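Student: I should like to work through this structure by question and answer. May we begin once it is displayed?

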Protein chains: 2
Amino acid sequence: MREGPDIARIASLVGDPARANMLNALMGGTALTASELALEAGVSLPTASSHLSKLIEGGLLTVASQGRHRYYGLAGPQVAGMIEAITGVAEAVGPKRVRPGPRDRAMRVARVCYDHLAGEQAVAMLDRLVAKNVLVRDEQQIRLGPSAASHFAAIGIDVYTKPRRPVCRACLDWSVRRSHLAGTLGAAILDKILAEKWARREKDSRAVIFSPPGKQAFERVFLS
Amino acid sequence: MREGPDIARIASLVGDPARANMLNALMGGTALTASELALEAGVSLPTASSHLSKLIEGGLLTVASQGRHRYYGLAGPQVAGMIEAITGVAEAVGPKRVRPGPRDRAMRVARVCYDHLAGEQAVAMLDRLVAKNVLVRDEQQIRLGPSAASHFAAIGIDVYTKPRRPVCRACLDWSVRRSHLAGTLGAAILDKILAEKWARREKDSRAVIFSPPGKQAFERVFLS
DNA sequence: CGCATAGTTCGTTCCTCATCGAAGCATTCT
DNA sequence: AGAATGCTTCGATGAGGAACGAACTATGCG
């Protein structure tokens, strides 16, 4: 009978299958309408609406009205990180995974995590950036290294533009159980990958699929 | 309607208040018995047992039988990380902390934790005993120091009487987030506090309320 | 305006699951 | 052996909450 932050309240919000599906769908980073989320969750519109108000009320989602549409999105990277953490446990503990299909495989390699890149590629990238001393990490903290500004400027990313959110954050990867790069820098890198058309997003999925030349370019820039 | 790891299943396990309390109690890293967890969660033993089997079944907990005791512990650091992540969101999202009432305040200062003392007083006591080298701790382990036997004999506590249970154990304090002393020694000290009438137990509560002279005596013996 | 689309609110139904008492095992103490 | 402790299982009860249809509000379109 203890005090403290009400973790049961938060967890029970995620603990309903319909709501979990909605949150999962929103991990793609794009805000979705109530109808789209109802479809994703496999429930009727009234039911979805009820769930959505609970998620808003609980602080996990934000909503933006645009005309007669209401766009729902994750409340922030911290929420995304929590979902990733839960996904990791579910994966590890998970019921005897059937053999991973091609989509699972793609997800494992590279996927969107809210607004940045996750998966093996992302983990490898962070490792490399740290090894090159572009980024410096101690424990869960990640900071810009001395050569960070010039390094990223060379590929068209300004690390100082957005002061509000932390530039670097570590985000635990459920498929690899190691950290990848989040924060505004992580988001900027994902933007670049998509803008340069190195990769495309799989429809209705979080998977990010690199084209062969795109993968080469990515490796040249971030893994060399 | 997407596939993937069953995050709702995991989250709903954490989403019950009783189970959340248990998990929280186990975040200290020390395994606890079913009875202790029932007390922590504020439910009856059968209810706790039911919850515990669900947590085991769900892969969040492991259990180790030791004689007629069954020690429950978190299944691993990944699970602990998930709880931390959820706690972080709950903390960020739920700032509606009511101001602590008088009973909460008393609970914070001193309360019963199963069979030993918890709260600020208990944490201070353990700190002091370690500082005086009466007890020796490394990490979560606590052992008797060289002067322990004579020190406790002087106040009428024989540290060698009950061999079955561990003499010293660390127990994480939710109000202070630091360890206090459990085990037979912790129990013996609580017994002494109550026997000497330094303090009384609040009815239907875990709070332990020291009388002014009782508090002085306690401080003289354990905090000097 | 009227009609269509997007979403919320209401009321009802239904089912899961948390809860506890009582009884049943298992282990240890005497 | 018998008693005591620690814990689990069983069965009954009850409350919460997820679900949807129908009705209601709001925005956009012709």
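The exchange below concerns a predicted model and takes up its chain interface, its DNA contacts, its backbone and its salt bridges.

Student: How many residues of chain A are in contact with chain B?
Tutor: The model is predicted, and the total for an interface uses all residues. Contact here requires heavy atoms within 4.5 Å. On the side of chain B, 44 residues take part, and they meet a set from chain A that numbers 44.

Student: What area is buried between chain A and chain B?
Tutor: Carbon and sulfur atoms give 64% of this area. The whole area buried between the two chains is about 3800 Å².

Student: How many residue pairs are in polar contact between chain A and chain B?
Tutor: Salt bridges between chain A and chain B number zero. Polar contacts do occur between these chains, and the pairs concerned are both at pLDDT 80 or more. The count of such residue pairs is two.

Student: Which element gives the largest share of the side of chain A that touches chain B?
Tutor: Four helices of chain A each supply at least two residues of this side: H1 (7–14), H2 (17–26), H3 (34–41) and H5 (77–93). The largest share amounts to 13 residues, and its source is H5(A).

Student: How many residues of the side of chain A that touches chain B are nonpolar?
Tutor: This side also holds 12 polar and 10 charged residues. The nonpolar residues number 22.

Student: How many residues surround DNA strand D?
Tutor: Both protein chains appear among the closest residues, which are A:Thr47, A:His51, B:Ser35, B:Ser49 and B:Tyr72. Of the atoms of DNA strand D that come within 4 Å of the protein, sugar and phosphate account for 73%. The surrounding residues number 21.

Student: At what distance does an N or O atom in the side chain of B:Ser49 lie from a phosphate oxygen of DNA strand D?
Tutor: Several side chains reach phosphate oxygens of this strand, and a polar atom of A:Lys54 does so at 3.2 Å. The side chain of B:Arg70 also places an N or O atom 3.2 Å from a phosphate oxygen. For B:Ser49 the distance is 2.7 Å.

Student: Which element gives the largest share of the surface near DNA strand D?
Tutor: Chain A gives two or more residues from each of H2 and helix H4 (45–57), while chain B does so from helix H3 (34–41), helix H4 (45–57) and strand E3 (69–74). The largest share is four residues, and it comes from H4(A).

Student: How many residues of the surface near DNA strand D are charged?
Tutor: Seven residues of this surface are nonpolar and eight are polar. The charged residues number six.

Student: What is phi of A:Lys197?
Tutor: Most residues other than glycine have a negative phi. A:Lys197 lies in the loop between helix H9 (183–195) and strand E10 (199–201) of chain A. Its phi is positive, near 60°.

Student: Is B:Asn133 buried, partly exposed or exposed?
Tutor: B:Asn133 lies in the loop between helix H7 (120–131) and strand E6 (135–138) of chain B, and its phi is positive, near 70°. Its relative accessibility is 40%. Because exposed requires over 50% and buried under 20%, B:Asn133 counts as partly exposed.

Student: Which residue meets A:Glu196 in a salt bridge?
Tutor: Over all chains the count of salt bridges is five. A:Glu196 is partly exposed at 40% relative accessibility. Its partner, A:Lys192, is buried at 15%. The N to O distance in this bridge is 2.9 Å, and the partner is therefore within the 4 Å limit: A:Lys192.

Student: Which residue forms a salt bridge with B:Lys192?
Tutor: B:Lys192 is buried, with a relative accessible area of 15%. The closest N and O atoms of the bridge are 2.9 Å apart. The partner, partly exposed at 41% relative accessibility, is B:Glu196.

Student: In which helix do B:Glu219 and B:Lys215 both lie?
Tutor: The side chains of B:Glu219 and B:Lys215 meet in a salt bridge at 4.0 Å, N to O. B:Glu219 is partly exposed at 31% relative accessibility, and B:Lys215 is partly exposed at 36%. The two residues are four apart, about one turn of the helix, and that helix is H10 (residues 212–223) of chain B.

Notes
Residues are numbered from 1 along each chain as its sequence is written. Chains are lettered from A and ligands numbered from 1 in the order in which they are written. Side-chain values use heavy atoms; hydrogens and water are left out. Buried area is the accessible area (1.4 Å probe) that two parts lose on being put together, summed over both. A polar contact is a pair of N or O atoms within 3.5 Å; within protein, one must be able to donate a hydrogen and the other to accept it, and residues adjacent in sequence count only if both atoms are side-chain atoms. Ala, Val, Leu, Ile, Met, Phe, Trp, Tyr, Cys and Pro count as nonpolar, Asp, Glu, Lys and Arg as charged, and the others, Gly among them, as polar. A residue is near a molecule or strand if one of its heavy atoms lies within 4 Å of it. Buried means under 20% relative accessible area, exposed over 50%, partly exposed in between (1.4 Å probe, protein chains only).
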